[in-house]
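Let's take a walk through a protein together. Have the 3D view open, and turn it as you read.

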Amino acid sequence: MRSLLTLGNPKTAKGAAAGYLTAVLHLSPVDSAGCGNVCPYASPGCAASCLTTAGRGGIAKGGAVRKDNGLPDNAIQAARIERTRLFFTARPAFVEALIVEIERLRRKAERKGVRLAVRLNGTSDLAWERIAPQLFTIFPTVQFYDYTKGIERMLRFVNARSCGPVGAWPANYDLTFSRSEDNESDCRRVLDAGGRVAVVFDVIPPTYYQLPVVDGDASDLRFLDPSLPIGLVAKGRAKRDRSGFVVRGG
């Protein structure tokens, strides 16, 4: 079995300066693995602009693309497809392997004198608090975090963090809401409730929603950010987006 978690992403590596070792679980987005949809809240613009084509994931010899899903034909996409198929066909084994890897990386972080942060949805949007709630109790010192477009899921997190009862949401699992071309009103609901919202721009502006914008490309440690708009520069196929997913004219 291939490793489930990856290190070495240039953006997540920036977290080292803040005392974090960051690992990310990358699956094959939406239903591109042919066995199930791992992005149930994705808009058309989000699906077309997915970060799975950013960086090395978007590079293939001669520009070759896979016939089954149109993604770049490279080892990175093949690994993401393999992980996704394992997730759907052998869920208990997948979660057990994930636990083993997190423990190995937790010990590595401890030896380095830093804290482990794990992003479970690098290129997916799954409700891990329901899929594998044991992760958050097995690893109370690990900081888990994710982005989501699920508005009800996001509001559960925000409400539990601010005033909910103990156990309503894992204390070590942080969420950031993601804007797309069709959820502008939900973004305002999240900000009004006290959450943060990630927005993809062609150029990050100083303000959005009449609020200061935090540079989200300075690191991926969203759980350290205030409850404000988080600006991310378009990457991969998102650079060509014209659906409204990418906010232009910043």
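What follows goes from the overall layout to the sheet, the helices, the core and a few single residues.

**The big picture**

First, keep in mind that this is a predicted model. The protein has 7 helices and 10 strands. Of its 250 residues, 53% count as buried. How much of the contact network links residues 24 or more positions apart? Looking at contacts with a separation of 6 or more, such pairs account for 66%.

**The sheet**

Now find the strands. Strands of a sheet pair through backbone hydrogen bonds, and the pairing can be parallel or antiparallel. Here you'll see an open sheet of 8 strands, in the order β1-β2-β3-β4-β5-β6-β10-β9, and its pairing is mixed. Which strands stand at the edges? They are β1 (5-6) and β9, and each has a single partner strand, so one side of each has no neighbour in the sheet.

Let's look at some of the pairs. The table lists three of them, with one matched pair of residues for each.

| Strand pair | Sense | Bridges | A residue pair across the two strands |
|---|---|---|---|
| β2 (residues 20-25) and β3 | parallel | 5 bridges | A23 opposite V118 |
| β3 and β4 (residues 143-148) | parallel | 3 bridges | R119 with Y145 |
| β9 and β10 | parallel | 2 bridges | D215 with G231 |

Strand β3 turns up twice there, with β2 on one row and β4 on another. Is β3 buried or exposed? This strand covers residues 115-119, and 4 of its 5 residues are buried, so the rest of the structure largely encloses it.

**A helix on the sheet, and its partner**

Next, pick out helix α6. This helix lies across β4 and β5, and runs at about 135 degrees to β5. Helix α6 (residues 151-162) also has company: its axis and that of helix α7 (residues 184-193) come within 10 Å and cross at roughly 5 degrees. An angle under 35 degrees counts as roughly parallel, so that is the label for α6 and α7. Where do the two helices meet? On the α6 side you'll find I151, E152, M154, L155 and V158, and on the α7 side D186, R189, V190 and A193.

**The nonpolar core**

In soluble globular proteins, nonpolar side chains tend to be buried together. In this model, the largest nonpolar core has 50 residues. Those with the most contacts inside this core are F94, L98, I102, W128, L135 and F144. Which helix gives the most to the core? That's α3 (residues 91-112), with 8 residues.

Try clicking on F94. Leaving out residues up to four places away in sequence, F94 touches L4, L25, L27, R83, L86, F87 and W128. One of these, W128, is also on the list of residues with the most contacts inside the core.

**Two buried polar residues**

T176 sits in strand β5 (residues 173-178). Its relative accessibility is 0%, so T176 counts as buried. What does the side chain of T176 pair up with? It makes a polar contact with the side chain of R196, at 2.9 Å. Setting aside neighbours within four places in sequence, T176 is in contact with D146, Y147, T148, M154, R196, V197, A198 and R222. M154 also appears on the α6 side of the meeting with α7.

S219 sits in a loop, the one between β9 (214-215) and β10 (229-233). Its relative accessible area is 16%; the cut-off for buried is under 20%, so S219 is buried too. A polar atom of the S219 side chain lies 3.2 Å from the backbone nitrogen of L221. Not counting residues up to four places away in sequence, S219 touches K11, K14 and G15.

**Two unusual backbone angles**

Finally, check two loop residues. V30 isn't a glycine, yet has a positive phi of about 50 degrees. You'll find V30 in the loop between β2 and α1 (44-48). Y209 isn't a glycine either, and its phi is positive at about 55 degrees. The place to look for Y209 is the loop between β7 (207-208) and β8 (211-212). With a relative accessible area of 11%, Y209 is buried.

Terms used: Residues numbered from 1 in each chain as written. Predicted model: local features only at pLDDT ≥ 70, side-chain atom pairs only at ≥ 80, totals over all residues. Heavy atoms only, no water. Buried < 20%, exposed > 50% of the residue type's maximum accessible area, 1.4 Å probe, protein only. Helix = DSSP H or I, 4+ residues; strand = E, 2+ residues; numbered from the N terminus. Pairing = 2+ DSSP bridges. Polar contact = N/O pair within 3.5 Å; in protein donor to acceptor, adjacent residues only side chain to side chain. Contact = heavy atoms within 4.5 Å. Core = buried A, V, L, I, M, F, W, Y, C linked by side-chain atoms within 4.5 Å. Axes fitted to C-alpha atoms, helices over the stretch in contact; angles between N-to-C directions. Parallel < 35°, antiparallel > 145°, perpendicular 65-115°, else oblique.
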